[in-house]
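Thank you for letting me take a few minutes of the meeting. I would like to walk through one structure with you, going from a sheet to a core and then to the empty spaces.

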Amino acid sequence: MSRKPLYFILTFIISFNACAQDKNPVNTEHSYETVVSDLNNPWGFVFLPDGSMLITEKSGKLIHFNKGVKSIISRMPKIEVLGQGGLMDIELHPNYKNNGWLYLSYASSNDDNDGANTTIMRAKLKNNVLTNKEVLYNALPNTTRGQHFGSRIVFDNDGYLYFTIGDRGNRDVNPQDITRDGGKVYRLKDDGSIPISNPFTNKAGAKKAIYSYGHRNPQGMVKHPETGKIWTHEHGPKGGDEINIIEAGKNYGWPVISYGINYSGTKFTELTEAPGMEQPIHHWTPSIAPSGMAFITSDIYPNWKGNLLVGSLKFQYLNRCVIKNNAVVKQDRLLDDIGRVRSVRQGPDGYIYVGVENVGIVKIIPKK
């Protein structure tokens, strides 16, 4: 076969796959402005009480952005940049104004094995210096695999700390085994101690911090603004990205059940459902490669209030999901073709802010 026919075949395949997902319409009810420019991979960000921002760069930098000026936070923990791992999410304690605790997730080399795994730390900030550092959780063992570190952080209405750790590329071992880290959602008290009400505290050999299991790689997690339930999304393989509502002790099925297939096109399971395993409330095929997650509660966007926002790394837009009775009934694309959307958060001013790789953090402006 000549190169020219091969080129057209490949172009057709790529275009077909892209259009298969791009059937969702482009939403034109908004524009945007860049608030923080020149960021490579803004994995997570938060707003401090004074309106400034803390932004994580996957490369290991924590940035304080205040009145147009970026300052690099010093005395960070040692962070291993390995594949998808590095400095990842950041969250503030619900009572941050009074206690000053902030929480970080990052990849670290935390045992005698080569490689890294996900670590959760809390610390305080003083004059752009990280102080009072306390490691709350080390996932074990280290592995040199670069996939699936997770790892989002969120607090619930009772002040419990939730975080996610992906299956670390060990699909057939970690997610279904509650004696092992990986492929789980975890719950701790804010000081790192384990709540006695966690579902597996009385299970011999279990990792007591586990709250739910059978996950692949959750890179989105948010508290529902009305019910207080914890919602997550996670990457499927080729197809089968999921949105789940997390319940204590439940098994979300990976890899026994899935709506996805291997990247090669072969199947690793024939099952999409099984007894004792939870169904997602929504799944995407083709995969959109979701990252970041936020509910809109602001009056600034009256037509979008109550909608769920999910970033798409693969298709480079912000996916708006209209939710009714815990189901996605409509979707469209915001910030179409802006770049790989990594993180999203509603700011204290009510505007939606979005972290985009190799762009920065942008603010969505509704059209009047």
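Before the sheet itself, a word on terms: two strands are said to pair if DSSP finds at least two bridges between them, and strands are numbered from the N terminus. Please also keep in mind that what you see is a predicted model.

With that in hand, look at the open sheet, which is built from four strands in the order 10-11-12-13 with antiparallel pairing. Strand 10, residues 153-155, and strand 13, residues 210-213, are the edges of this sheet, and because each has a single partner strand, one side of each is left without a neighbour in the sheet. From one strand to the next, the twist averages 20 degrees. Inside the sheet, strand 11, at residues 161-165, and strand 12, at residues 184-188, are joined in the antiparallel sense over five bridges, and if you follow L161 across to strand 12 you arrive at its bridge partner, L188.

L161 comes back when we turn to the largest nonpolar core, a group of 19 residues in which Y103, Y137, L161, F163 and Y186 have the most contacts. At least two residues of this core come from each of strand 9 (129-138), strand 10, strand 11, strand 12 and strand 13, and strand 11 provides the largest share, namely three residues.

Now, where is there empty space? The largest pocket holds about 920 Å³, and among the 36 residues that line this pocket, E91, V154, V222, R345 and Q346 lie nearest its centre. Strand 2 gives the most to this lining, with five residues, while strand 10, which we met at an edge of the sheet, is one of the elements that supply at least two. Sorted by class, the lining of the largest pocket has 20 nonpolar, nine polar and seven charged residues.

The second largest pocket has a volume of about 260 Å³, and its lining of 20 residues includes Q84, H235, Y263, A289 and L313 as the closest to its centre. Here the classes are five nonpolar, eight polar and seven charged residues.

Finally, how many cavities of 30 Å³ or more does a search of the whole structure find? The search finds one, with about 60 Å³ of space, and its lining includes H235, together with R216, E234, Y252 and W254 among others. So H235 is a residue to look for twice, as part of the lining of the cavity and of the second largest pocket.

How values were computed: Residues numbered from 1 in each chain as written. Predicted model: local features only at pLDDT ≥ 70, side-chain atom pairs only at ≥ 80, totals over all residues. Heavy atoms only, no water. 1 Å grid on protein atoms, 1.4 Å probe; cavity = no way out; pocket = protein on both sides within 12 Å on 5 of 7 lines; lining within 4 Å. Points joined across faces, edges and corners; volume = space filled by probe spheres on them. Axes fitted to C-alpha atoms, helices over the stretch in contact; angles between N-to-C directions. Core = buried A, V, L, I, M, F, W, Y, C linked by side-chain atoms within 4.5 Å. Buried < 20%, exposed > 50% of the residue type's maximum accessible area, 1.4 Å probe, protein only. Nonpolar A, V, L, I, M, F, W, Y, C, P; charged D, E, K, R; others polar.
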